[in-house]
Amino acid sequence: MLIIGIAGGTGCGKTTVVNQILNELPEGEVGIISQDSYYMDTSHLSYDQRVKINFDHPRSIDFELLEEHLRELKAGNTIDQPVYSFVKHNRTGDTIHTHPRKVMIVEGILILTHPELRKMFDIKIFVHADSDERLIRRLKRDITERGRDIDEVLSRYQTTLKPMHQQFIEPMKEYADIIIPNNKYNTVAVNIVKTIINEKLN
Ligand SMILES: Nc1ncnc2c1ncn2[C@@H]1O[C@H](COP(=O)(O)OP(=O)(O)O)[C@@H](O)[C@H]1O
Ligand SMILES: Nc1ccn([C@@H]2O[C@H](COP(=O)(O)O)[C@@H](O)[C@H]2O)c(=O)n1
């Protein structure tokens, strides 16, 4: 199994890059694990308490479960990946039956901050987009897809996103094997990653 970790700040385009990689590759040969599925279970908290969580700090992620699931997949076993709701700020209770594949992609803002997880990646990729570009994309996406308004996104940006990005996410570039500049769509870089994956699949 080839395990590829794709990190980068919110809005840099990780999900988009993953979808571009999957596009044209044989269906069912590449599996995806999203860090978002592994936000801590916060069912014991009220909605008002959950809203106040710092979702950009590594402690908000259940890295233990994520690591365990990746090890299971590597051992050839199927896992039940939790489904997360950005509207409820919690796991939904549903899971996605995820099968091991020849290539597994793990994507998320904080995946390179966890040393044990980092060691499991054969290739570490960091997607870069400038912070103003990321904020614009995040605003548009969170308003249209994640049930937020402009005040919520901007206040979260100032209080947690920006400081957490500087403290935890940006320094992870040091560990990357490949940095993809993604202020604009980067077909060349995506094709290079596709070539690496195709070599593994053939
Ligand atoms: N290179 C790009 N140029 C312009 N918009 C982009 C680019 N990459 C992604 N986007 C858009 O930005 C938003 C955030 O992208 P997404 O892939 O969800 O980022 P991430 O998963 O890193 O948070 C989406 O609406 C997406 O369509
Ligand atoms: N309930 C939540 C959980 C997380 N977030 C934000 O999501 C961002 C990570 O996801 P990307 O797809 O953007 O990589 C992260 O910056 C969290 O602030 C949220 O808003 N609400």
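Let's begin with ligand 2, whose surroundings are made up of Thr10, Gly11, Lys14, Asp36, Tyr39, Phe55, Asp56, Phe86, His89, Ile109 and Leu161. Sorted by class, this shell holds five nonpolar, three polar and three charged residues. As you explore, keep in mind that you are looking at a predicted model.

Now turn to ligand 1. Which of the 14 residues around ligand 1 come nearest? They are Gly13, Lys14, Thr15, Thr16 and Arg137. Two elements, α1 (14–22) and α5 (131–145), each give two or more residues to this shell. Its make-up by class is two nonpolar, seven polar and five charged residues. Lys14 is worth finding on your screen: it is listed around ligand 2, and it is also among the residues that come nearest to ligand 1.

Let's step back to the chain. An unreviewed UniProt entry places the feature "domain: Phosphoribulokinase/uridine kinase" at residues 3–188. Over that stretch, 37% of the chain is helix and 22% is strand, and the C-alpha atoms at its ends are 21 Å apart.

Next, look inside. The largest nonpolar core has 39 residues, and Ile6, Ala7, Ile105, Ile125 and Val127 have the most contacts within it. Among the elements that give two or more residues to this core are β1 (2–7), β2 (30–34), β6 (123–128) and the helix α6 (150–169). The largest share, four residues, comes from β5. Take Ile105 as an example: setting aside its neighbours within four places in sequence, Ile105 is in contact with Ile4, Ile6, Val18, Val30 and Ile32.

Another residue to visit is Ile180, found in strand β7 (residues 178–181). Is Ile180 buried or exposed? A residue counts as buried if 20 or more other C-beta atoms lie within 10 Å of its own; Ile180 is buried because it has 22 of them within that distance. Although Ile180 and Val127 are 53 residues apart along the chain, their C-alpha atoms are separated by 4.7 Å. Beyond its neighbours within four places in sequence, Ile180 is in contact with Val17, Ile125, Val127, His128, Asn186 and Ala189.

Finally, let's follow a hairpin. Strands β3 (residues 79–85) and β4 (residues 90–98) run antiparallel and are joined by six bridges. Ser85 has Asn90 in β4 as its bridge partner. Four residues lie between the two strands, and His89 in this hairpin takes a positive phi near 60°. That brings us back to where we started, since His89 is one of the residues surrounding ligand 2.

How values were computed: Residues numbered from 1 in each chain as written. Chains lettered and ligands numbered in written order. Predicted model: local features only at pLDDT ≥ 70, side-chain atom pairs only at ≥ 80, totals over all residues. Near = placed C-beta within 6 Å. Nonpolar A, V, L, I, M, F, W, Y, C, P; charged D, E, K, R; others polar. UniProt positions renumbered as here; feature names shortened; annotations may be inferred. Core = buried A, V, L, I, M, F, W, Y, C linked by C-beta atoms within 7 Å. Buried ≥ 20, exposed ≤ 12 C-beta atoms within 10 Å, placed from the backbone. Contact = placed C-beta atoms within 7 Å. Pairing = 2+ DSSP bridges.
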